[in-house]
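Trainee: Please take me through this model. For each term, I would like to hear the rule behind it.

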Amino acid sequence: MSTQRTISTIRTATPNSVGDGFIGLNAFHPQGSRPFNPFLLLDHHGPMQVQPSERPKGVDQHPHRGFETVTIVYEGALEHRDSAGNKGKLFSGDVQWMTAASGIIHEEKHEREFSRQGGRLDFVQLWVNLPAKDKMSPPRYQDIASSRIATATLPGGGAFRVIAGDVAGLHGPANTFSPIVVADLALTSGQSETLVIPASYNLMVYVLSGEATLNDASLTRGQIALTNPDGDTITVSTATGAKVLILAGEPIQEPLAVYGPFVMNTREEIMAAFDDFQNGRMGSLN
């Protein structure tokens with residue numbers, strides 16, 4: 001018999017900017033990520049207006065080690081390249097899943113033609129922790145086009161997309177190192193949907209736009225609700241329309257050492273990451 005989860009806490013994202021081209025909100029960051037385990041960070045950039053420019057803005061080359069970055073584009077276009085030789089363009093609905101693992105240098109910018117024309121940009125970036133046994137795996141890149149994402153039209157209208165994991169009979173295309181769910185849910189006015197998520201998973205719901213009700217708690221854009229591990233269902237509803245991001249996963253019960261762009265298990269591993277980066281062992285971008 002299914003049991004509805006209760007809500008642990010509700011947090012409101014704070015203003016945040018990254019580089020010279022991404023402005024938005026931060027819902028949580030690695031130093032305070034324990035309640036969101038195995039997720040480390042959620043940045044929601046946008047909706048923002050990008051002014052036309054011949055020089056694409058964004059974040060210049062920088063390193064990562066020990067985790068994965070997941071970028072979900074809802075409006076606009078981004079461009080990525082990294083020291084492993086991967087390149088990609090992301091348009092509305094697309095997802096990029098980059099496994100930094102043992103170390104990578106990458107940059108993220110407005111896609112060149114989008115930069116020239118300007119327009120609205122709205123995207124989310126997640127950081128997903130890796131188990132200790134996988135932190136020094138070779139880097140990996142998954143370019144997930146919108147057309148590959150498992151999608152269902154809901155009986156009451158709206159749409160449900162599963163990017164990773166298994167929910168409501170849908171299987172997400174992303175390959176992951178630990179059991180997680182990444183999905184977004186678009187609801188029309190007056191709609192309510194109940195989802196089943198394993199009780200062993202940490203589970204949270206972030207409101208991308210509009211106003212939603214999770215069980216009996218009201219949430220608005222930029223708010224994230226954490227649930228207690230006391231059930232296996234949640235009910236999301238809206239009176240006026242909303243879009244939410246659903247994040248869930250088995251917690252990784254290991255020590256966490258965090259410094260800047262590196263997330264490892266010990267201070268010594270962080271120091272080794274800096275040494276490898278400074279001595280060029282994470283590659284380079286030309």
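**Where the domains meet**

Trainee: How many residue pairs are in polar contact across the interface of domain 1 and domain 2?

Mentor: The rule finds eleven such pairs across the interface, both residues at pLDDT 80 or more. The term stands for a pair of N or O atoms within 3.5 Å; within protein, one must be able to donate a hydrogen and the other to accept it, and residues adjacent in sequence count only if both atoms are side-chain atoms. This is a predicted model, in which local features need pLDDT of at least 70, side-chain atom pairs count only at pLDDT 80 or more, and totals for chains, interfaces and linings use all residues. Residues are numbered from 1 along each chain as its sequence is written, and side-chain values use heavy atoms, with hydrogens and water left out.

Trainee: Which elements make up the side of domain 1 that touches domain 2?

Mentor: Those giving two or more residues are β3 (22-28), β4 (39-50), β6 (67-75), β9 (95-99), β11 (119-129) and β12 (140-144). Strand β4 supplies the largest share, five residues. Strands here are DSSP runs of E, at least two residues long, and helices are runs of H or I of at least four, numbered from the N terminus.

Trainee: What makes residues on that side nonpolar, polar or charged, and how do they divide?

Mentor: Ala, Val, Leu, Ile, Met, Phe, Trp, Tyr, Cys and Pro count as nonpolar, Asp, Glu, Lys and Arg as charged, and the others, Gly among them, as polar. By that rule the side divides into 21 nonpolar, ten polar and five charged residues.

Trainee: How do you know where domain 1 and domain 2 lie?

Mentor: The bounds come from an automatic or database domain assignment, which gives 17-148 for domain 1 and 149-254 for domain 2. Their centres, taken over C-alpha atoms, are 21 Å apart.

Trainee: How many residues of each domain are in contact with the other?

Mentor: There are 36 from domain 1 and 33 from domain 2, contact meaning heavy atoms within 4.5 Å.

**Salt bridges**

Trainee: Why is the pair Arg-120 and Glu-75 called a salt bridge?

Mentor: The term needs a side-chain nitrogen of Lys or Arg within 4 Å of a carboxyl oxygen of Asp or Glu. The closest N and O atoms of Arg-120 and Glu-75 are 3.0 Å apart, so the pair meets the rule. Arg-120 belongs to strand β11 and Glu-75 to strand β6, so the bridge ties together parts 45 residues apart in sequence.

Trainee: How many salt bridges are there in the structure, and how many across the interface of domain 1 and domain 2?

Mentor: The structure holds 13, and the rule finds zero across that interface.

**Backbone details**

Trainee: Which peptide bonds are cis?

Mentor: One joins Asn-37 and Pro-38, with omega about 15 degrees; Pro-38 is in the loop between β3 and β4. Another runs from Gly-46 to Pro-47, with omega near -5 degrees, and Pro-47 sits in strand β4.

Trainee: What is the phi of Ala-101?

Mentor: Ala-101 has a positive phi of about 50 degrees, although it is not a glycine. Its place is the loop between β9 and β10 (104-110).
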